[in-house]
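Let's work through a few exercises together. Have the sequence and the 3D view open, and try each task before you read its solution.

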Amino acid sequence: MIKDLSEDPAGYIPVALNDSIVTLPPSLPTDEVHVWLAKLDDYAADSFKVTLATDELARAARFHFDKDRNHFIVARALLRKLLAAYLDTGAGELQISYAEKGKPSVEESRRGSLKFNLAHSYGLAIYAFCWNREVGVDLEFIREDLADEGIAERFFSESEIHSLKELPAELRKQAFFDCWTRKEAYIKARGEGLSIPLDEFDVSLRPDEEAALLRNHKDPGEVARWSMQSVAVPAGYVGALVVQGHDWKLKTFTLASNGK
């Protein structure tokens, strides 16, 4: 599969990574959510290993293929560097802990709790950061073998399956991945993983609809609690963001390596 990552999506502010230090743009206000994109092949994984904790290195070692291992190392190291820049600390000094269902977090600072989430797919990583509100982000490379009607019928809700089948065939692949990333971003924001069955809530997927959590069949109040939107990503990918509350605005950045 060929992916063209030479062009950044419109609206993203480039920020350089120089001498392994991120020089951040203006600070992260409490009413903003920052989303970052990074091209993982721009970085040498070996130079980033020193940044990772023992458990992260152990996870990296379990990957069978070098490319997957290197992408994991770079994605985690960049996460640490971004967290360090927001928290004004050293990347290697951060203590990242994990909730019961696996959602990562860091200790509260004097500003409160810096919430974050990440995803990576086929050489591209996406990160989301905000203060004091839960956040989830997902990214998928559009794969022909995944956008399958059988997968939709296994994981999507009845309403979503009906909406997908109503669409013209040429629109279904994009709709499938819009639905998939929105559902993943929602359960990641909730921090409960697949303990939330994917068919217990409905998201929008039609091309004429804004990204939205439409219904939660177990807890209708969830719809008012969360906001959802698509995220601009390079061609061939789909991204989605879910944030607690509605009183926030989005800023987007790309992380560049020494001018790449």
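The exercises below go from salt bridges to a helix and then to pockets.

This is a predicted model, in which local features need pLDDT of at least 70 and side-chain atom pairs count only at pLDDT 80 or more, while totals for chains, interfaces and linings use all residues. Residues are numbered from 1 along each chain as its sequence is written, and side-chain values use heavy atoms, with hydrogens and water left out.

**Exercise 1.** Find which parts of the chain the salt bridge of Lys-103 and Glu-134 links.

*Solution.*
- Start with the criterion: a salt bridge is a side-chain nitrogen of Lys or Arg within 4 Å of a carboxyl oxygen of Asp or Glu.
- The Lys-103 and Glu-134 side chains satisfy this at 2.9 Å, N to O.
- Now place the partners: Lys-103 sits in the loop between strands E4 (97-98) and E5 (104-105), and Glu-134 in the loop between strands E7 (124-131) and E8 (135-141), so distant parts of the chain, 31 residues apart, are linked. Helices (H or I, at least four residues) and strands (E, at least two) are DSSP runs, numbered from the N terminus.
- Lastly, check exposure. Buried means under 20% relative accessible area, exposed over 50%, and partly exposed in between (1.4 Å probe, protein chains only). Lys-103, at 14%, is buried, whereas Glu-134, at 22%, is partly exposed.

**Exercise 2.** Work out how Glu-222 and Arg-225 are placed in helix H6, and which network they belong to.

*Solution.*
- Their side chains meet in a salt bridge of 3.5 Å, N to O.
- Both lie in helix H6 (residues 222-225), three residues apart, so about one helical turn separates them.
- Salt bridges with shared partners join Glu-222 and Arg-225 with Arg-190 and Glu-192 into one network.
- Glu-222 is buried at 5% relative accessibility, and Arg-225 is partly exposed at 33%.

**Exercise 3.** Compare the span of helix H5 with its expected value.

*Solution.*
- The expected span is 1.5 Å times one less than the number of residues.
- Helix H5 (residues 169-190) has 22 residues, so it should span 32 Å.
- Its end C-alpha atoms are 32 Å apart, which agrees.
- Just after H5, Gly-191 has a positive phi of about 75°.

**Exercise 4.** Say which classes of residue line the second largest pocket, and how many of each.

*Solution.*
- Ala, Val, Leu, Ile, Met, Phe, Trp, Tyr, Cys and Pro count as nonpolar, Asp, Glu, Lys and Arg as charged, and the others, Gly among them, as polar.
- The lining has six nonpolar, no polar and five charged residues.
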